[in-house]
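Good morning, colleagues. I should like to take a few minutes to go through one protein chain with you, from its overall make-up to some individual loop positions. Please look at the structure as I speak.

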Amino acid sequence: MEKMEQIQLENVTFNVPEVLSCISKYQEHVRDIVNSNYVDFLSINRDMLDDLKSLETDIKELIASTSQLTVDKSNVAWNDLRNYQRDLEEGIRGYKIARKLLSIHDLFESLNLSGNGYEKTAHILTKIKTMLDELDDTVLEELHFFQGLILRHETEYDKLLNDLDVTFNKLVQLQQRSFQNTKSVTIRIHKDENLLYQVVVTQLKTEHNFESVCQFLLENVFAPVIVKPVSLICDEKSNEQSVLIQLSYQLSVGEDLRPGYKTVLSNVMQIFYNLSNMNIVVSDDECLFKVLARQMKKRLCSLLMEQCLDCDIPDTIEGMKESSMVKDVCEFNAFLKTTNFVDGENDDLLEEYANSIETIHQKKLCDNVLDTAVQIMKHESHEMVLIEDHEYQFVGSTSARLSSCMVTRTVVDLKKFLDKVLAEAFANGGAADRFIQTIATILERYMVDVPMANEKLLFKIPQQSALFRNDCTYLNYWLQKNDDKLKDHSSFATISEALKACGEDIFQHQLNTQRTQMMQALNGFKLSIHLVELGTEQQRAVRQCVRQFELLKNVWQTVLPESVYKQSLSGLVDQFLREIMKRIQNLEDITTAIGNGLVLLIDIITETLPNLFKEPSEIHQLVKQWTKLLQLRQILCGSLVEITELWAEGKGPLTMCFSAEEIKHMVRALFQNTKQRQACIASIV
C-alpha cells in the first residue's frame, strides 16, 4: 500500500474535502482488512499485516496532522473529522489484536521445528504464556479463538512436563521390588550428560517438584541403610553407558543386627558419590543436589541422628574415650558440603550434633547409671549384712558409743555403686555435676521405689521394716561421710533429712502396729469388782503380750542398732506395764484371791521381760514403769504396817512412783475398813 501523501492544509475551508477523502480512503482499507480476515484469523496474509504496520504509521501521522487543524468546532467538517479519527483509532485497535494473535500462532508453529531442545521449547512456551497474560485489550478475553490459544498452551506445557518426566526416568531409573522377606532396590544413571543437562535445567526452570525422587531415596535407600544391614553394590566403571547402585535387605530385622554408625556413614557416602553422576550443575548457585537437599536434607539428617548416631553414642566412659564419632560426623558433614548437598538452612545440623555428642554421652551415661541403680534397688535380697561399729556410725555424736547392726545386701550393693559413681564424677570433671545430680535422683527414687515395691513386707513384717530403717540410715550416713564432696549441692541436705524421715516413718508405722496388737491382746485382761478370782483369760492376755515382745526381740535385737532396739522395745514394754497397772489401780475392791493372782502375773512379767535386753538389769533404767511395777507388787503382798513403813510419812520408796491418793486408794481396795486401815490412811499424806 502506498504511503499517504503529505497534504499541506493551510486553509482548512478549501482542503477539508481532501482530508475527508484521505481519511475515508484509509478507513475503508482498515475495515476491509480486519473485517474480512478477523473471523478466519489464521488465513490472514502476512504481507498484508506488514502493510498494516505501515498503514498504522500513516494513520498516526494523519491523526496528528488533523489534530492540528484550526477549524470552527461548529463546522460540519470538524464533526466529520472527529468521527473519522475515532474510526481510524478503532481500526488500529483491531490491527493490533490481529497482529498479537498471529504472533502467538507463529510461536506455536515454531514448537514443531526440528532441532528444538527442551530448553528452547520451554522458552517458547514461556514467551507464549507471557503474551497470553498481557491483555492489551479487554476484548481478547471475549474471543473464542483466544480461549483456544490458552487451552493449546496448557496442552503443550503438560506435554513438555510429561516428556521431561519420561526422559528423566529413562536417564535416572529408580526401581524397587519387594519379595516375601526381602527388598531389592536398583538405581541406574545413564551417562548421557548433555541430555540429562537439558532435562534437569528445563525441569528446574519449570519449577519441577523432585519430591518423588526424594521420597524414593529416603524410604527405599537411606532409611534401610541407616537402620538395617544391607548388601550394597555401587558400580560406575564396568558399564560405559550407566552407573549402577544396587542394594538389598531383609524387611524385618532385629535391633541386635542394627549396623554401626561407621558402616552407615560409609554406605551413605558411597551412595552419594555415585548419585553425583546425576548432579547436574545449572549455575554457580544451583545444582540438582541443592534442589534435593532443600526437600530432604533435614529429614535425612534427623533420620541419621535419631535412628543411628543416638544409638551408637557410648554409654560408658571408656567407650567414649575410644570413640571417634565426633570426628567422623564432622567429616561426613564436610563430605555433604563438598558434594553440594546443601540447603543453606540445615548444613550445620550434623556439626552441631557432633558438638553435642559429649553432652548426649553424659546424659546416656547418667541414664545408664540410674537404670543400673534402679535394677539394684529391685533385687529382692533377703540376705542381711552385718555392719560393724568401726565402719558405720548410727548415732549423730562421735563421742557416743558405736553400735553394729544389719542392713540388706541390696543397700550395700547400692552404696558400693554410689561410691563408684562419685569416684567417676570427680575423675571426669566435665560430667561431675550431671553425675552428682544423678546420685540425687537415685536417692530420691530409692525413697519412692523401694517402699512401693515392698509395701506389704515393710508394713507387715517387723524385721523388714527394721532393715529398711537401717538401710535409709545407712544411705544417710553415706551422704554425711561424703559431705565434703557434695556440700556444694544444697539438694543433698534435703535428701538427707528425707532419707532419715522415710526410714523412721516406716519403722514408726511398724511400732504403731505392734502397739495396736498389744492393746488388742490386753482386751482379755479385764478386771472388775464382780470378778472373784483371776481366770485363764487374764493370764493368757499377759502371756500373749510377753510372747509378742520375745518375737520382736528375736527379729530386732541383732538387726537394729542397740540404742534403737532398747528405745523401741522399752517403749512398748513401758506402755504395756502402764496399761496393766492402770487397770489394777482402777479396781475398787481387790480380794485376796485376785490380789494373789495379780502377784502371780506380775511375777511372770518380772521373770521374763528383763531377758528382752542383753543386760537384764538394764530394764530398771530403760523401762520407766518398771520400778512402779515392783512397788505395786509390794503393795499387793504387803500388810498395812508394811505399806505404812514403805510410805514413811512421804519419805519412803513408795513416794518415787505413787502419789498419796494412789496409795490410799490401793489400801481401801485391799483391806477392810478397820481402825488399823483408818490409821494407815491417816498416816499417808
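**Loops, cores and a helix pair**

Let me begin at a single position: S659 counts as partly exposed, because its relative accessibility is 34%. Please bear in mind throughout that this is a predicted model. S659 belongs to the loop that connects α24 and α25. Its C-alpha atom is 9.4 Å from that of I684, a residue 25 positions away in sequence.

Two further residues of that region deserve a remark. A648 is also placed in the loop between α24 (640–647) and α25. With a relative accessibility of 30%, A648 is partly exposed. Its phi is positive, about 50°, although the residue is not a glycine. As a reminder, most residues other than glycine have a negative phi.

G652 sits in the loop between α24 and α25 as well. Is G652 buried or exposed? It counts as buried, because its relative accessibility is 8%, and the cut-off for that class is under 20%. Setting aside residues up to four places away in sequence, G652 touches L646 and W647.

Let me now step back to the chain as a whole. The protein chain has 26 helices and eight strands. It consists of 685 residues, of which 46% count as buried. Its accessible surface comes to about 36000 Å², and carbon and sulfur atoms hold 48% of that area. Among contacts in the chain with a separation of 6 or more, 74% are between residues 24 or more positions apart.

I turn next to the interior. The largest nonpolar core contains 72 residues, and those that touch the most other members are F222, L275, L292 and L309. Which helix gives the most to this core? It is helix α9, residues 288–312, with 12 residues. To take one member in detail, F222 is in contact with L217, V268, I271, F272, L275, M296, L300 and L303, leaving aside neighbours within four places in sequence. There is also a second, separate core, of 64 residues, which includes W556, F613, A660 and V667.

One member of that second core, F613, brings us to Q557. Q557 is found in the loop between α19 (536–556) and α20 (562–585). It counts as buried, because its relative accessibility is 18%. Although Q557 and F613 are 56 residues apart along the chain, their C-alpha atoms are separated by 8.2 Å. Beyond the neighbours within four places in sequence, Q557 contacts L552, Y565, L612, F613 and K614.

Let us return to α25, this time for its packing against α23. Helix α23 spans residues 626–637 and helix α25 spans residues 660–670; their axes come within 11 Å and cross at roughly 35°. The crossing of α23 past α25 is right-handed. Which residues meet there? From α23 these are K628, L632, I635 and L636, and from α25 they are E662, I663, M666 and L670. The residues of this contact comprise six nonpolar, no polar and two charged.

I close with one more loop position. N340 is located in the loop between α11 (325–338) and α12 (349–378). Its phi is near 70°, a positive value in a residue other than glycine. N340 is partly exposed, as its relative accessible area is 30%.

To sum up, we have seen a chain of 26 helices and eight strands, a nonpolar core of 72 residues, and a second, separate core of 64. Thank you for your attention.

Definitions and conventions
Residues numbered from 1 in each chain as written. Predicted model: local features only at pLDDT ≥ 70, side-chain atom pairs only at ≥ 80, totals over all residues. Heavy atoms only, no water. Axes fitted to C-alpha atoms, helices over the stretch in contact; angles between N-to-C directions. Helix = DSSP H or I, 4+ residues; strand = E, 2+ residues; numbered from the N terminus. Left-handed = near helix turned anticlockwise from the far one by under 90°. Contact = heavy atoms within 4.5 Å. Nonpolar A, V, L, I, M, F, W, Y, C, P; charged D, E, K, R; others polar. Buried < 20%, exposed > 50% of the residue type's maximum accessible area, 1.4 Å probe, protein only. Areas by Shrake-Rupley, 256 points an atom, 1.4 Å probe, with all protein chains shown as cover. Core = buried A, V, L, I, M, F, W, Y, C linked by side-chain atoms within 4.5 Å.
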